[in-house]
Amino acid sequence: TPNVYVAYVTLRDGEIKFRKDNLWTENYGDDGADGTLESNGANIAVTAGTYKITVNMGDLTWSMEDYSWGLVGSATPNGWDGPDFKMQYNSYQDNWKAVATLGDGEMKFRFNDDWGLNYGDTGGDGSLEVNGGNIPISAGHYIVTMDLNNLTFEIEEVDVWGLVGDATANGWDGPNQKFVPDFGINEGFYYIQGAVLTAGEIKVRQNDAWGVNYGDNGNDGTMELNGANIPVSAGTYNITLNFTVEPPTISIYPWQ
């Protein structure tokens, strides 16, 4: 739609504005908190959550609504009660994806952690139906893709990279916090955005196991197989793995 922009984002408590080309030369806020945009207008207060944000530069209006898709079921970490394992919007293919470690069981897709809108697969043929049948899962590591344009899904078993250590929520035993591949544009790059860490150490390992793991012997951003633990201070970080170079690298940036 001309002049209409949409973002699917997870935000924390704070404020936002809309700006062009990562510059403050042209930016918009909302002076009256009434859904209309003003040039150089006031910051917009936001409560932490996952949202669909729509900006119409034709009539200078904007809107924000709760919006998330997730995996729910006995095969998922939080079972049938949730909260659901969140999927991420992939703008390059216009679909939703999740990197997930699943157990033996069943799952479905649902909207906003609520049964009001959910999809299953009644025929076991990879097509989605509203209130459809539960989808059987065997334990493993997967990329799960949901295509709402064609009402189809795919569950592909893959090797996944995760963050492990006493600085992470689940410690050295895991399960690890999973990195998300850069779907569709930068093959070999993996990301975690907003990793909340305590003071301690971390490493990167594959498939929640120690068979393949990376540390950083020189603490210089290059990773070595079975390398040294990586020290971190308490904080919230964006972390990038680059496996397109040898040795691979890790970048850890505070989320300001």
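One aromatic cluster in this predicted model is formed by Tyr8, Tyr67, Trp69, Tyr89, Trp96, Phe111 and Tyr119. Across the structure there are 16 aromatic pairs, and two of them can be followed in detail.

In one of these pairs, Phe18 and Trp62 have ring centres 5.9 Å apart and planes at 55° to each other, an arrangement that counts as tilted. Because Phe18 belongs to strand 3 (residues 18–19) and Trp62 to strand 8 (residues 61–66), this pair ties together parts that are 44 residues apart in sequence. Phe18 is buried, with a relative accessible area of 17%, and Trp62 is buried as well, with a relative accessible area of 15%.

The other pair joins Tyr214 and Phe243, whose ring centres lie 5.7 Å apart; their planes stand at 70°, which is over 60 degrees, so the pair is edge-to-face. Since Tyr214 lies in strand 24 (residues 213–215) while Phe243 lies in the loop between strand 27 (235–242) and strand 28 (249–254), the parts tied together here are 29 residues apart in sequence. Tyr214 counts as buried, at 12% relative accessibility, whereas Phe243 is partly exposed, because its relative accessible area of 24% falls between the limits of 20% and 50%.

Aromatic rings also meet charged side chains in this model, as the following table shows for Arg12 and Lys97.

| Charged residue | Ring | Distance to ring centre |
|---|---|---|
| Arg12 | Trp255 | 4.2 Å |
| Lys97 | Phe183 | 5.0 Å |

The charged end of Arg12 sits over the ring of Trp255, and Lys97 lies over the face of Phe183.

Note on methods: Residues numbered from 1 in each chain as written. Predicted model: local features only at pLDDT ≥ 70, side-chain atom pairs only at ≥ 80, totals over all residues. Heavy atoms only, no water. Phe/Tyr/Trp six-rings, centres within 6.5 Å; stacked < 30°, edge-to-face > 60°. Helix = DSSP H or I, 4+ residues; strand = E, 2+ residues; numbered from the N terminus. Buried < 20%, exposed > 50% of the residue type's maximum accessible area, 1.4 Å probe, protein only. Lys NZ or Arg CZ within 6 Å of the ring centre and 35° of its normal.
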